[in-house]
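I opened this entry to keep track of what I looked up. I start with the whole chain and then go to single residues.

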Amino acid sequence: MQQEIRFATFNVLNLALPGLRFYDGVEPWTAEQYDAKVAWLARKFDQLDADVIGLQEVFSQEAVRDVLARTTRYRDVQHIGFEPEPGKLTPSVALISRLPLAGPTAKHLDLPRGLSVPLPDLAGAMTRFTRPVLQVPVQLPGGPVLNVFVVHLKSKRPDYRNGDSENDPGSIGAAVLRSMIRRGTEALGLRYLLSDFTAGHRRPLMVMGDFNDVADAVPTQLVLGGGRSPNGHDERLFECYRLQTRRDPLRDVGFTHVHDGNFETIDHVLVSEEFNPASPHALGEVLEVAYLNDHVIFRSPDASDHGAVLVRVGLRQGE
C-alpha cells in the first residue's frame with residue numbers, strides 16, 4: 001500500500017503589494033488589480049490541493065499571506081519565505097506546507113565553494129545567486145525527512161547594463177551572453193550546494209522551481225548531476241516527468257510557458273533516488289505529473305504566465 005503526497009511548483013508572476021513598483025516600465029498593481037490577483041491565486045492554490053507548494057516571483061511575503069487567507073485549504077499552513085534584499089527589489093521564492101517542518105530553514109545567497117565567475121564587459125565577478133535559494137526540511141509521514149530546495153534561475157531575458165543599447169547588435173549579444181553565463185553559474189552553484197549537503201549522507205531531496213530552461217538544456221542537466229559519491233551514494237537527481245509511472249502520451253499536453261509561440265516546460269520538480277522505484281533505496285515513487293496551464297493560453301490580467309506543475313508521489317508504507 002502507498003500513501004499519496006502531492007507537491008507543486010508555481011511561478012505566480014509579480015506577486016507584489018498594490019502601489020509597489022516591481023519593474024521599471026511596469027505600472028504597480030492598483031488595489032482592484034491586486035485584489036483580483038490574490039483571489040485568482042487563492043483559487044489556483046485550492047485547485048492544486050498540494051501538500052507542499054514552492055513559489056517564485058514573490059515580491060512580498062505579506063502578499064503571499066493575503067493569498068493564503070483567501071484560500072479554503074491553506075489558511076493554517078506553514079509559510080516560509082524572505083523579503084527582497086535591502087535596496088534591491090528582486091523577486092524571491094517561498095514555500096507553503098501542510099506537512100510539519102523537520103528543522104530550521106536556510107536561505108542560500110552566496111554561491112558555494114567560493115564560486116566566482118566574471119561577466120562580459122563588467123569589472124566584478126558573479127559570486128551570488130540572482131535570487132537566493134530556499135531550503136526547507138519537511139517531515140514526511142512515517143518518519144523520513146525531505147529537504148526541499150525552491151529555486152528560480154536567471155531568465156533568458158538579455159542582461160543589459162549601463163551603457164548598453166537595445167538597438168546595438170554588440171550590446172544585445174553581450175547582454176544575452178551575460179544572461180546565459182549567469183543562469184549556468186547559478187545551476188553549477190546549485191549543484192555544488194546539493195552535493196555538499198548530501199556528502200557522506202543519504203538525504204532525500206527535492207528541487208522545484210522555475211529553471212528558465214527545458215530539461216535537456218545544459219543548466220538543467222548541471223543541476224541533475226551524475227555519478228556517485230565516495231560512499232556509493234547516487235548524487236543524480238531525476239526529473240519527475242520522466243519518472244512518473246502513469247504517463248499517458250495520448251493526453252500528455254505538458255507545458256508551463258509560451259514564448260514567441262513556442263510551448264516550453266521550464267518549470268520542473270526534480271527528486272533524488274529515494275523516489276526512483278528502480279533504486280534499492282526508494283522510499284516511494286512518482287505516480288503522475290500534471291500541468292495546470294489553461295490560464296497560460298486564456299490569459300486574464302490577474303493570471304500568471306506560467307503553468308503550475310503538480311507531482312503525485314506514492315510513499316511506501318512502513319518505510
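**Overall fold**

I began with the contacts. Of the contacts in the protein with a separation of 6 or more, 71% are between residues 24 or more positions apart. I note that this is a predicted model.

Next I looked up the secondary structure. I found 6 helices and 16 strands. The protein has 319 residues, and 55% of them are buried. For the exposed surface I got about 14300 Å². Carbon and sulfur atoms supply 50% of that area.

**The open sheet**

I then traced a sheet of 6 strands. I read its order as β5-β8-β9-β10-β14-β11. The sheet is open, and its pairing is mixed. Which strands stand at the edges? They are β5 (106-110) and β11 (238-239). Each has a single partner strand, so one side of each has no neighbour in the sheet.

I picked one pair inside this order for a check. Strand β10 covers residues 205-210, and strand β14 covers residues 267-271. The two run antiparallel and pair over 5 bridges. I looked up Met-208 and found its bridge partner in β14 to be Val-269.

**Glu-239 on the edge strand**

I moved to β11, where Glu-239 is found. Is Glu-239 buried or exposed? Its relative accessible area is 10%. The cut-off for buried is under 20%, so I log Glu-239 as buried. I note that β11 is an edge strand, yet this residue in it is buried.

What is Glu-239 in contact with, leaving aside its neighbours within four places in sequence? I list Ala-215, Leu-224, His-268, Val-269 and Leu-270. Val-269 had already come up as the bridge partner of Met-208.

I also checked a C-alpha separation. Glu-239 and Val-271 are 32 residues apart along the chain, and their C-alpha atoms are separated by 6.5 Å.

Last for this residue, I looked at its side chain. The Glu-239 side chain makes a polar contact with the side chain of Arg-242, at 2.9 Å.

**A nonpolar patch**

I finished on the surface. Which residues make the nonpolar patch of about 360 Å²? I found Phe-263, Ile-297 and Phe-298.

I followed up Phe-263. It is found in strand β13, residues 262-264. Its relative accessibility is 52%. Exposed means over 50%, so Phe-263 counts as exposed.

I close with the two residues side by side: Glu-239 in β11 is buried, whereas Phe-263 in β13 is exposed.

How values were computed: Residues are numbered from 1 along each chain as its sequence is written. This is a predicted model: local features need pLDDT of at least 70, side-chain atom pairs count only at pLDDT 80 or more; totals for chains, interfaces and linings use all residues. Side-chain values use heavy atoms; hydrogens and water are left out. Patches are made of residues with over 30% relative accessible area and no salt bridge: like charges are joined within 9 Å, nonpolar side chains (Val, Leu, Ile, Met, Phe, Trp, Tyr) within 5 Å. Accessible areas come from the Shrake-Rupley method with a 1.4 Å probe; for residues, only the protein chains shown count as cover. A salt bridge is a side-chain nitrogen of Lys or Arg within 4 Å of a carboxyl oxygen of Asp or Glu. Helices (H or I, at least four residues) and strands (E, at least two) are DSSP runs, numbered from the N terminus. Buried means under 20% relative accessible area, exposed over 50%, partly exposed in between (1.4 Å probe, protein chains only). Two strands pair if DSSP finds at least two bridges between them. Contact means heavy atoms within 4.5 Å. A polar contact is a pair of N or O atoms within 3.5 Å; within protein, one must be able to donate a hydrogen and the other to accept it, and residues adjacent in sequence count only if both atoms are side-chain atoms.
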